[in-house]
Amino acid sequence: MLRIPQEDAESIRSLCGSAVIEELHRRAGGLGWTELSLRRPLWTVRGRSYTGAVLLAADVAPPPWQIIVKVVPDGAPGREAGALTEALDAVPEFARRHLAGHAFPPLRLEDGRTVMFQEIAGDSLRDTIPAGSLDSEETARVAEQVVRGILTEWNGPGLEHAVPEEVTVSAFLRRELDDVWTGGGSLHAFGRSLEVLEPSPPWLYTDGGRLPNPYLMVERDQSALPDPTVRVLRGMGHGDLHLDNILVPMKEKVTQAHDYRFIDLCTFSKKADLGRDAATLLLSALVPHVLHEQPPDQRKALLRFIVDPDARHRARIVPEAAQRVEAVCATARAAMSRTRDAWDVQFLLSLTAGALRFTTYTDIGAAGRRWFARLAAHAMGQVLVLTGEAGTGVSPAPDPGRDSFALAGFGEAGTAAPGGATGFVPDQGPRRRRWETRSGPRDDRAVIGFGPEHTVVVVDGTGGVHRWTVDGGPLPGAGGRSPRLRLGHQALVASLTHSVVVARPRELEIVHFPQRGGALRSAPVVLPDAEHFLVTSGGDVFATHDRDLLTVRDFESGTVIESISCPPSLASSALSIDASVVAMARSRDVYIHRRGAPLVRTTANSLPRLRSGWLKALIPDPGCQLAVSPLGSHVGCVTFEEVVVWATDDGREVYRRTLTDRESREAMGAKRMRLVCTETGTLFWLRRGRLSTPTVDGGTQLRQSGMYNDIAISRDGLLMAMLGSEGRIEVWDL
């Protein structure tokens, strides 16, 4: 007779139905149980479950045993019990170390569901976590161990006798994508939404190159695209090895990367594509880095680094993303060194199939799905390069510079122009206050910015760093020191790494904040002279300028990336977060540098003369403030006379108006002044501590309490932070 506490029986009944309770009572004698109780509080797996299975942690006796009760739905997930048995028997030594086995034989319910009784991975629920919950460095370390284990331990014995299989690229992709490709479904629907399927352009012109349409590569008999034959290896494969299907034990709070365990093996196969698990692992590890649209240069650098590693791309890639790519790709290449060339092609095909599959995951958002579609095209393009097919079946570009991805929806939204075009939103503003605190530094020289993952960072006038999560949780910072910073906004917060740069007399100081806490300072970047300044915009990179050059630098050590000539009598400068767009101005001329495009020269102070005689006598050659939107779509300028906004795709003017007398007077100043620009072209102007939107006719003063010392917007343009007097910090949704 099986005894189940009433509260536990009710929990099982509510979660799984009465049939599970009845079957447990009916089979208890055969299993040898007299008691079953659930762990309290009720345990649920941290991470994700894509099969709809219900998991419960339970204690059974005799003998006392801690197990996982898993109720698996009918259909494809229902084969998990048999697939797990097959995996346990295939390579016993690997299974013993890295799979969670059956504690008791599974039960089959009349409604088609299966009840499994599994051992607990890592022997403890409390000290075992999914790899997706680890920090970036630990995730990379686990990924390296997993990839090495898959290829050398799980598949090592089988590879000694393996013979590669010859298959066409289209046949390989159809086999890998069978369940999401056959009969249409979400993969087809997303392809149609991108306008690269039905009708289907065979070649896509994007990221400065020509790439094959990955959707057409899955079809048969596409004469417009080559379909080379390749050699692939098959072997043991989990089939869905995302980060949350890998559990990692902790010992004394230290991750035991080598003791990883796989769960959810319903897609296990002995004849799997050998690259699928490594590709799925890499793609899932990159999801956090591609959820939002990236600047074109950064996006291209990451895509190319994945499919054709090149150290030159590193400066434009988030270090954590590069670390994850290397952990998977370099480890796999080393493990498959005896068949390296063939492996490179097979892994690219696995990436193509995996990336197309990821476009069906709606929870990663439209930007993430577009990124994976791009990756599929880049990976397939590299397959054609490696197989010598890249030059065949070429269709001419419809028109010079066309980007089929952007036109079809793979890219970002366009900018606006007067006369009916969309995109320019002059009155965008803060909508909802997300967080507020009065614990910031009371320093009128402090500046504010957003770090990675929407962290909020304040740098005070001594270079001291204060950090919070976007919801107000405190993070480790660093104290300041003498000498104080230069006058003005002479500090900048990195948007991709937990770093800041501050300008001291004749040198720059870069401070890094590792995940494990503490502060690390790089060697100072020596400035040549007292007229060398920090440009206080950017984020992925930063810049300095003197009379002759604006120099773009990386946040790791201040190393020079590129230099741009400054116009004579430089009055102001600003750059996008990745420096793909740089704006510089002298008294009346604004120069917009766009990477890979012609220089745009335009006019800021278009009025023939200043309206006030005393102002003209005081400042005969008016200056200005510049701002570039984070992704570089717009450049904004405020002078003592006018406010102007340009779209950077062609330098066209989208907004211009004359300032009011009051605005002109308040435009003169140094402290509590800042201009920022959003991707919609809206300008936010902080002048003498008061915040306004000058892109609304007549200017709109925003309601605020007290005075602001500084403002900032996040790299994705979704948040704004204000640093007020007396230590007040506010974060708003835009």
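Student: Which residue in β44 is the bridge partner of Met720?

Tutor: Trp732. Keep in mind that we're looking at a predicted model.

Student: What makes β43 and β44 a pair?

Tutor: Pairing takes at least two bridges found by DSSP. Strands β43 (residues 719-724) and β44 (residues 729-733) have 5 bridges, in the antiparallel sense, so they count as paired by that cut-off.

Student: Why is one side of β16 and of β42 left without a neighbour in the sheet?

Tutor: The open sheet has 4 strands in the order β16-β44-β43-β42, with antiparallel pairing. β16 (432-437) and β42 (708-713) are at its edges and have a single partner strand each, so one side of each stays free of a neighbour in the sheet. From one strand to the next, the twist averages 15 degrees.

Student: How do you know that β27 pairs with β26 and with β28?

Tutor: Count bridges again, with at least two as the bar. β26 (residues 533-535) and β27 share 3, antiparallel, and Leu534 is matched with Thr544. β27 and β28 (residues 549-553) are joined by 4, also antiparallel, with Phe542 opposite Arg553. Both counts clear the bar, so both are pairs.

Student: Which residues of β27 point which way?

Tutor: Phe542 and Thr544 go one way, Ala543 and His545 the other, and all are buried. In a regular strand, side chains alternate between the two faces of the sheet.

Student: What puts the buried residues of α3 on the same side?

Tutor: Those are Glu80, Ala81, Ala83, Leu84, Ala87 and Leu88. Their arc around the axis covers only 160 degrees, so they share one side of α3. They pack against β3, α4, β4 and β5.

Technical notes
Residues numbered from 1 in each chain as written. Predicted model: local features only at pLDDT ≥ 70, side-chain atom pairs only at ≥ 80, totals over all residues. Heavy atoms only, no water. Buried < 20%, exposed > 50% of the residue type's maximum accessible area, 1.4 Å probe, protein only. Helix = DSSP H or I, 4+ residues; strand = E, 2+ residues; numbered from the N terminus. Arc of directions from axis to C-beta. Contact = heavy atoms within 4.5 Å. Axes fitted to C-alpha atoms, helices over the stretch in contact; angles between N-to-C directions.
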